[in-house]
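Thanks, everyone. I'll walk through one model this morning. Please have the viewer open and follow along.

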Amino acid sequence: MENIQTEERIQENPLGTEPIGKILVRFAVPSIIAMMVSALYNMVDQFFIGRSVGMLGNAATNVAFPLTITCTAISLLCGVGGAANFNLSLGRKEKDEAERFAGAAVGMAVLAGIILCVIVRIFLEPLIRAFGATDQILTYSLTYTGITSFGFPFLILTTAGSNLIRADGSPKFSMMCTLIGAIINTVLDPLFIFGFDMGMAGAAWATVLGQVVSACLVIWYLLRFKTVKIRLRNMIPSRKYYAAIFSLGISPFCNQLAMMVVQIVMNNTLTYYGASSSYGSEIPLACAGIIAKVNMIFFSIVIGISQGMQPIVSFNYGAKNYNRVRETYKKALTSALLISMCSFLSFQIFPRQIIGFFGSGSEEYFHFAEQYFRIFLFFTFLNGIQPITANFFTSIGKAVKGVFLSLTRQIIFLLPLILILPIFLGIDGVMYSAPIADFVAAVLAVLFVKREFVHMRREEALRNQMESQNAKIEKTK
């Protein structure tokens, strides 16, 4: 009886029946808000640190930023990989498999968070120096990262768990988990930094406390999962389920990991070439950090759209509803392109105003920031294509294509350009590397998805032909 009721719920799943536009909004908006709130964790710290510690504090948080990206990468590996397998299993009406994937994803996130925290605690100073810290900002970076590392397990569980909560059909609760933690961080930041005069340490502890509360909310929901029951035995490490989660979570993981590698190389490149320019080492490092986090607000919207798209695409692909798969991708991409255009206009028209929001600086500081905004982010209006398309391939179970597209912009194109162009153009070479990488990555993504749509239509035509033949055979009997 329980299996029959479960099958009926799966058949009536709104992912396969509701209008695409309506359900995409329902899933994407909470996801966008959750991702924006997650990005605002760093923005809020940057804002208050810029007004208490100043430019060196901003540079210090930029040096710590690769570890935040690492947490996001691990979270998406567990969360997106687990959610995609979970929804594909539900689409195929495999309830037991869906249950195992949900449990394995939670266990994987908890284990990974603890391991990362221990590694960072042991190798803190070597990591910070490798990320580009100069002697002037080392103390600030060690203080901030040393404290925030305690929050890594909670951050990873929150982000990974939010993907599973969304896949379970509760996108609003998924959003609330992150939102409440961010509100706590925003309230505690000025209290700890200015009220208790804790400086960098205050910003770090405010962040950790917000993450702990968010993780508690995620745990509360996971104990009351709607579609299946998450059992403790399914959280025990399993090679089979970890491998499947890894295969579908590898695309967003590689995308974030690539961002981390690029961020580290860029920090060191800016420090090296900045030292021989009129700006010095700290100005480029501080500006690039602020701009990266501002750009994260834009990217969080795009990633939020792609995450809202994921359960719809996965479920319908598993159920072979290819029309709904294509329609979901097209609507998600259109939304991402509209957001990309708005971001492009903001970055081109208001760069000084945006950078000024994070504190004061010299004229050289603002001049470099304006140039960086306008050149480095010139092709922002195309930047929605690659992440949406990469996550689309992950959602339909084609992890290799998703991974390749995730790596195109950051690793295959941007990283070599960051290393090569400054040799000829100095620090300006870093700025010109991004628009070239953005353009080529967008073109490749379009070519890949067009080819996939042709393949889907062929499968549909073949299936319709077989159904027609079977119908004729039945008539003759």
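Start at Cys117. Buried or exposed? Cys117 has 11% relative accessibility, and the cut-off for buried is under 20%, so Cys117 counts as buried. Cys117 is in no disulfide. Its nearest cysteine sulfur belongs to Cys71, 9.2 Å away. A disulfide needs the two sulfurs within 2.5 Å.

Now Cys78. This one is buried too, at 1% relative accessibility. Cys78 is in no disulfide either. Again the nearest cysteine sulfur is that of Cys71, here 11 Å away. How many disulfides does the count give? Zero.

A word on confidence. This is a predicted model. The mean pLDDT of the protein chain is 84. Of its residues, 95% reach 70 or more. Watch residues 1-11, though. There pLDDT stays under 50. For that stretch the model has nine contacts beyond four places in sequence.

Next, helix α7. It covers residues 152-167. Does its length fit? What span should 16 residues give at 1.5 Å a residue? The expected value is 22 Å. The end C-alpha atoms of α7 are 23 Å apart, which agrees. How enclosed is α7? Of its 16 residues, 15 are buried, so the rest of the structure largely encloses this helix. After α7 comes Gly169, with a positive phi near 95°.

Pick out Asn163, which sits in α7. Its relative accessible area is 2%, so Asn163 is buried. What does Asn163 touch, leaving out residues up to four places away in sequence? The list is Leu76, Gly79, Val80, Ala83 and Gln307.

On to the core. The largest nonpolar core has 152 residues. Four of them touch the most other members: Phe225, Phe368, Tyr372 and Phe392. Which helix gives the most to this core? Helix α11, residues 282-318, with 19 residues. As general background, nonpolar side chains in soluble globular proteins tend to be buried together.

Zoom in on Phe368. Leave out residues up to four places away in sequence. Then Phe368 touches Leu270, Tyr279, Ile283, Pro284 and Cys287. It also touches Ile427 and Met431.

Last topic, the rings. The structure holds 27 aromatic pairs. Take Phe298 and Phe299. Their ring centres are 5.1 Å apart and their planes meet at 55°, so this pair is tilted. Both Phe298 and Phe299 are buried.

Compare that with Tyr329 and Phe392. This is also a tilted aromatic pair. The numbers are 5.0 Å centre to centre and 55° between the planes. Where do the two partners sit in the chain? Tyr329 is in helix α12, residues 322-349. Phe392 is in helix α15, residues 385-395. They are 63 residues apart, so to speak in numbering, and the pair links distant parts of the chain.

How accessible are these two? Tyr329 has a relative accessible area of 2%, so Tyr329 is buried. Phe392 is at 0%, and is buried as well. Remember that Phe392 is also among the core members with the most touches.

One more step out. Which residues do ring pairs link into a cluster with Tyr329 and Phe392? They are Phe393, Phe404, Phe448 and Phe453. Put that cluster on screen, and we can take questions.

Key
Residues numbered from 1 in each chain as written. Predicted model: local features only at pLDDT ≥ 70, side-chain atom pairs only at ≥ 80, totals over all residues. Heavy atoms only, no water. Core = buried A, V, L, I, M, F, W, Y, C linked by side-chain atoms within 4.5 Å. Buried < 20%, exposed > 50% of the residue type's maximum accessible area, 1.4 Å probe, protein only. Helix = DSSP H or I, 4+ residues; strand = E, 2+ residues; numbered from the N terminus. Contact = heavy atoms within 4.5 Å. Expected span 1.5 Å × (residues − 1). Phe/Tyr/Trp six-rings, centres within 6.5 Å; stacked < 30°, edge-to-face > 60°. pLDDT = per-residue confidence, 0-100.
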